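This report takes up two parts of a structure in turn, a sheet and a helix. The sequence and the coordinates are shown first.

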Amino acid sequence: MGSIDQYIDLYLRHRAAFEQDAPEAMNSLRKRALEAIGHNALPEKGAEGYEKTSLEEMFAPDFGVNVNRVAVSADLAASFRCDVPNMSTLLGVCVNDTFYPTKGLQRLPEGVVFASMRTAAQEIPHIFDAYYGTLATLTRPEVALNTLLAQDGVVIYVPDGVTLEQPLQLVNIFSTPAPVLGVRRMLIVLGRGASAQLLVCDHTQPAAKECLSSQVIEIALGADARFEYYDIEESSESTSRVSSLFARQSKGSNLLVNGMTLTCGKTRNDYSIDIDGEGCDTTLAGMAIGTGTMHTDNSSVVRHLAPHCGSRQLFKYVLDDNATGAFEGSILVTPKAPFTEAYQSNKNVLASPTAKMHTRPQLEIYNDDVKCSHGATTGQLDKESLFYMRTRGIPEQEAKNMLMQAFMTDVIDTVRMESLRDRLKHLVEKRLAGAEAMCGECKATCHKVDEDGRD
Amino acid sequence: MKEDILLRVDDLKASIDGKQILKGINLTVRPGEVHAIMGPNGSGKSTLSEVLAGNPAFTVDGGKVDFHGVDLLALSPEDRSHEGLFLSFQYPVEIPGVSMVNFMRAALNAKRKYLNEEPLSATEFLKLMRQKREIVELDNKLASRSVNEGFSGGEKKRNEIFQMAMLEPRLSILDETDSGLDIDALRIVAGGVNLLKTSDNATIVITHYQRLLDYIKPDFVHVLYKGRIVKTGGPELALELEEKGYDWIKEEVDNK
């Protein structure tokens, strides 16, 4: 019996509770999810595409699921705040897997939705029903399991032609006295010519027990839409996450996804991006800073399905102590996609003799008129640079930290918001200097949000 | 010139990858002095500078180095710097992503910490940067870039002397500072070195050619060959080497 069965049992025993108050689009998809899982188990280490990460093991603990939607106190939800200096965001908070809007969201422009799925399914049913579950493929058991169990989630919708000046921010927090599985789900739809930025921060309250986040994110971009998705994971050693992001781009759209793993237990991120219209631009970037026994695994597929599009993938890891990392990335250029420019790069630094990195860059091209490249390097910090810095009096550890920080510069530079870039530089610097990685000064209790949700 | 000794190298032997390069170096430098170390390629000139600066790639096989009363070889490279040793590299490395400002601030504040001094304020630091930049006519644009990244050969060498000016060392070792410099850059670099010279500090100039010594006048000239200093003289020795080359010295030594 695989670890997935305990969750299927749970669902079958409490079907009514799972489906109560959930939108019809979610409920109707559960049957298909169940069929898709069939007798499949979650992938184990060594399975194709999961060389170094066993999802079977990650889901094995006896996690609780908040089947009956027991509410966390709203005060708790409101007490979290991840500050980015000089950046005022429209904030939503997700505690375990329940979404809490802040009062600041009342300032959302007309027609823009940033709400729970239950709310969004009522406010914009035509959008919710048309997109929910249409991008995520149920062929992967972890995605099907999320679809089976998700009772709520977060929807972001920006109508045609609307530009959101203020960035959106979603803070995911685990706060739990018992081991819990957070079933997180997100649907993001940008209309034609719409534009938005989203910062997602993952945290775990220090006192929280073992947590696993199962998350599925679907992003649909209309023609000429622009979307930036920043994802900073700063959870805890006892927090694991299995995340699958699916994006589909219509013609002329611009997508930036940047995933930064600063602290976690085990993390598996899957990125699947379909470039499905002419003249799209895609940037997929990521970094991992691993210490202790942290494990970070990123897997990507960027599919070029239309001509004249450009994509860049850049993933960088710094691994210290006994940390491990994995990267499997691929670019697929179909026959329908002449004049593609697609690049992929994975660079890694092993800062200790016991850290390990597995990398496998892949390129599949079914077309002659393309410019593509891919590559991976894994090495140590440059000895000559290190010596040079030490001769100037910079202590060895500080020099190493500066070099590691420098190594991450180009990943941080993909961030288009200056204030966030500065914040990230600071966070990465702190993280490399060995500090517990938490946004700003906040640790146990992040900054309070005042009455109207402003800083 | 003062009588006290700044640097005393005593029978220094060092190797890399099991191959001995320095086979017993003896050298004494007093405050206020300029020493030139010359010699044919492969004689160990750069190795001597790297070993004195503490490059972990080299193994010290024997000998002692006393640096104003401190056992130099027992110190980490960073502490050697704090104690007042500076090496101007023949090939300064480019460090993309590390800005000159952060690099210099980290260096200076580490030294101040070592000396139990408060870190400089941002204003004081930037003012100091500006002052010292002028000594080698280093463009402000270079100071705001990553360390040596995209610098020309001449700019890299000027940047070395700029760092020397910032750190105010007691002993500077200039390793082939003239290589890759045109005559104007050479004049600026040498001018900077001369400006920083006091009766308390000293300079070791490692060079292959007499050219640099027209600008930085040595008090002593040493010839390094096969890992040993085989000849020592005054400035006239450099002129003689310029005229006659190294072959006569090689013969003298090899036929001994």
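## A sheet in chain A and a helix in chain B

In this predicted model, strand 3 and strand 4 (residues 154–158) of chain A pair in the antiparallel sense over 4 bridges, and within this pairing A:Val113 has A:Tyr157 of strand 4 of chain A as its bridge partner. Helix 8 (residues 141–149) of chain A packs on the sheet, where it touches strand 6, strand 8 and strand 10 of chain A, and its direction makes about 95° with that of strand 8 of chain A.

The sheet itself is open and consists of 9 strands of chain A in the order 3-4-6-8-10-12-14-16-18, with mixed pairing. Strand 3 (113–116) and strand 18 (356–365) of chain A each have a single partner strand and stand at the edges, so one side of each is left without a neighbour in the sheet. From one strand to the next, the twist averages 5°.

In chain B, helix 7 (residues 183–196) has 14 residues, which at 1.5 Å a residue should span 20 Å, and this agrees with its end C-alpha atoms, which are 20 Å apart. The residues buried in helix 7 of chain B are B:Leu186, B:Val189, B:Ala190, B:Gly192 and B:Val193. Because they cover an arc of only 150° around the axis, they lie on the same side of helix 7 of chain B, whereas B:Ile183 and B:Asp184 are exposed on the other side.

The buried residues of helix 7 of chain B pack against the following elements:

| Element of chain B | Residues |
|---|---|
| Helix 4 | 122–135 |
| Helix 6 | 153–167 |
| Strand 9 | 171–175 |
| Strand 10 | 202–206 |

Technical notes:
Residues numbered from 1 in each chain as written. Chains lettered and ligands numbered in written order. Predicted model: local features only at pLDDT ≥ 70, side-chain atom pairs only at ≥ 80, totals over all residues. Pairing = 2+ DSSP bridges. Helix = DSSP H or I, 4+ residues; strand = E, 2+ residues; numbered from the N terminus. Axes fitted to C-alpha atoms, helices over the stretch in contact; angles between N-to-C directions. Contact = placed C-beta atoms within 7 Å. Expected span 1.5 Å × (residues − 1). Buried ≥ 20, exposed ≤ 12 C-beta atoms within 10 Å, placed from the backbone. Arc of directions from axis to C-beta.
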